[in-house]
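This report goes through one protein chain, beginning with its interior and moving on to helices, a hairpin and selected loop residues. Please keep the sequence and the coordinates at hand while reading.

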Amino acid sequence: MLALSSVYNHYRTTYAQGAITKYDAHKKSELRDIYNSIIRLNKESPLYLPDTSKRSQAFAIGIKESARGLHNVIASLGGLSENELLNKKAAYSTNEDILTAQYVGDANREDEIPSFDVEVRSLASPQVNFGSFLPSDSMQLPTGTYSFDVNIHNTKYEFQYNITDGDTNLSIQEKLVRLIKGAGIGIDATVETDGNLSAIRLVSSNTGSPLGRPSLFTVSDTHSSMEPGSVGYFGIGQVTRPSSNAELIINGLEQSVPSNRFILDKTYELTLNGISPVEGQTATVSVKDDMASLQENIGRLVKEYNSFINYAFQSSGRRIKNTDLLKEMKGIASQYEEGFDHMGLRIEENGSLGSNQSSFVRSMEDGEAKQTISMMRGFADSLFHKTIQISLDPMQYVEKRIVAYKNPAKIHFATPYITSPYTGMLFNSYC
């Protein structure tokens, strides 16, 4: 289980393209559809040996993650049916230095959407453990094998390391920083220096006052399995700055939230960026009108599509078929080229979309706006289905050698081999 957790952490920190969203969770029926799609993909496919170079592995995993990101963005722009695409309402904040807002409510909500006046009095902060400054070029601990425990939410992580002849405070501090950061347990570690002195700084990824606990994490070697004493020596067991909640006044009512990013009234996702410069000064959060929301949705779709194209374009390599992918994506865009011209969008050489903002705005306001919207929904729907195809088999864009074709005269049973190379690469890259 620990090895699987390490693989997952390596995958998330090395390849994952952004945060997990609600569209990464699936119903049983959706997972069954994915399973059936894999069965159909495997049933008639020949046996092949894919290229397993580091570059090919990184590209296959990266392009799948990029497709997942584009897929989720399209899904977030109103819904998963073609009629709902791009219908998402857009939120705004009157002072983005204080906070930014995103609408996360029902895209088809018909009642009046409330507005909120928000004053930010303090931001949520993480826990900080700042160790003792020690001479960088010396070491007072005897040689041996040491260990200490980090406890987070009642989950204990043990770290073991050796101190050998020739080690210094700085070299061991750097080793501990690598151990903690590499574990991916939600603590950032750095070495701070001041002349010939150095210290370890630990900062929690989470913020907010812990419920029923004195701190978000603790560091101790009281019950360690190896030599104790290093926690007190390096001074990393003491909380230098406790975590705290964000303090707000929303529509005149005082509120406290544990994070600088939270959902308000199941309607807005707010990201706190700063404190109100003057007491009583608020940022108003509300929704834009339908046309402004549509313009923002289309702009975001174009931006995310271009990000996907640019990733594929930059990931060139001798055994990578990124040119095949780019041709396919450009072929999809070419089907809507006439509509793009009307909107002030142009298809670039690599398949990305360039834009003329003034022409784009005019196209949203003229008599053919309804036709333009329908065209963009068709484009978004085509991209949505393409991202599903890419996610099912990213190995189609990596060079592979056919070993054997299946006999068409025989009944074939589904095999897992087509998707197995991709899954195995997650472990190969870690090991």
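## The largest nonpolar core

In this predicted model, the largest nonpolar core has 43 residues, and those that touch the most other members are Leu-301, Phe-308, Phe-340, Met-376 and Phe-379. The elements that contribute two or more residues to this core are α3 (54-76), α6 (290-314), α7 (322-334), α8 (337-343), β17 (345-347) and α10 (369-392).

Once its neighbours within four places in sequence are set aside, Met-376 is in contact with Leu-86, Ile-298, Leu-301, Phe-340, Met-343 and Leu-345. Apart from this core lies another, made up of 25 residues, which include Leu-176, Val-177, Ile-200 and Tyr-233.

## Helices α3 and α7

Two of the helices that give residues to the largest core can be examined for their length and their burial. The 23 residues of α3 should span 33 Å at 1.5 Å a residue, and this agrees with the end C-alpha atoms, which are 33 Å apart. Helix α3 is mostly covered, since 19 of its 23 residues are buried.

For α7, with 13 residues, the span should be 18 Å at 1.5 Å a residue, and the end C-alpha atoms are indeed 18 Å apart. The residues Asn-322, Leu-325, Leu-326, Met-329, Ile-332 and Ala-333 of α7 are buried, and they lie on the same side of α7 because they cover an arc of only 120° around the axis. An α-helix has 3.6 residues a turn, so residues three or four places apart point the same way.

## Helix α4 and its surroundings

Which residues of α4 are buried? Helix α4, which comprises residues 169-183, has 15 residues and reaches 21 Å from its first C-alpha to its last, close to the 21 Å expected at 1.5 Å a residue. Its buried residues are Asn-169, Ile-172, Gln-173, Leu-176, Val-177 and Ile-180, and because they cover an arc of only 145° around the axis, they are placed on the same side of α4. On the other side of α4, Arg-178 and Gly-182 are exposed.

The buried residues of α4 pack against β6 (134-135), β7 (144-152), β8 (155-163), β9 (187-194), β10 (197-207) and α5 (230-234). Two of these buried residues, Leu-176 and Val-177, are also among the members of the core of 25 residues. Just after α4, Gly-184 takes a positive phi of about 60°.

## The β7–β8 hairpin and positive phi values

Strands β7 and β8 run antiparallel and are joined by nine bridges, with Phe-148 standing opposite Phe-159 in β8. The two strands form a hairpin with two residues between them, and His-153 in the turn has a positive phi of about 50°. Most residues other than glycine have a negative phi. His-153 takes its positive value although it is not a glycine, and at 42% relative accessibility it counts as partly exposed.

Asn-251 likewise has a positive phi of about 50° without being a glycine. Asn-251 is found in the loop between β12 (246-250) and β13 (253-257), and its relative accessible area of 42% makes it partly exposed.

## Two further loop residues

Arg-109 lies in the loop between β3 (99-103) and β4 (116-122). With a relative accessible area of 24%, Arg-109 is partly exposed, and, leaving aside its neighbours within four places in sequence, it is in contact with Lys-89, Tyr-103, Pro-114 and Thr-267. Arg-109 and Lys-89 are 20 residues apart along the chain, and their C-alpha atoms are separated by 9.4 Å.

Is Ser-276, by contrast, buried or exposed? Ser-276 lies in the loop between β15 (268-272) and β16 (283-287), and it counts as buried because its relative accessibility is 9%, below the 20% cut-off. Not counting residues up to four places away in sequence, Ser-276 touches Ile-98, Glu-119, Val-120 and Gln-281.

## The chain as a whole

The chain has 11 helices and 19 strands, and buried residues make up 43% of its 431 residues. Of the contacts with a separation of 6 or more, 73% are accounted for by residues 24 or more positions apart. The accessible surface of the chain comes to about 23100 Å², of which carbon and sulfur atoms hold 51%.

Terms used:
Residues are numbered from 1 along each chain as its sequence is written. This is a predicted model: local features need pLDDT of at least 70, side-chain atom pairs count only at pLDDT 80 or more; totals for chains, interfaces and linings use all residues. Side-chain values use heavy atoms; hydrogens and water are left out. A nonpolar core is a set of buried Ala, Val, Leu, Ile, Met, Phe, Trp, Tyr and Cys residues joined through side-chain atoms within 4.5 Å. Buried means under 20% relative accessible area, exposed over 50%, partly exposed in between (1.4 Å probe, protein chains only). Helices (H or I, at least four residues) and strands (E, at least two) are DSSP runs, numbered from the N terminus. Contact means heavy atoms within 4.5 Å. The expected span of a helix is 1.5 Å times one less than its number of residues. The arc is that of the directions from the helix axis to the C-beta atoms. Two strands pair if DSSP finds at least two bridges between them. Accessible areas come from the Shrake-Rupley method with a 1.4 Å probe; for residues, only the protein chains shown count as cover.
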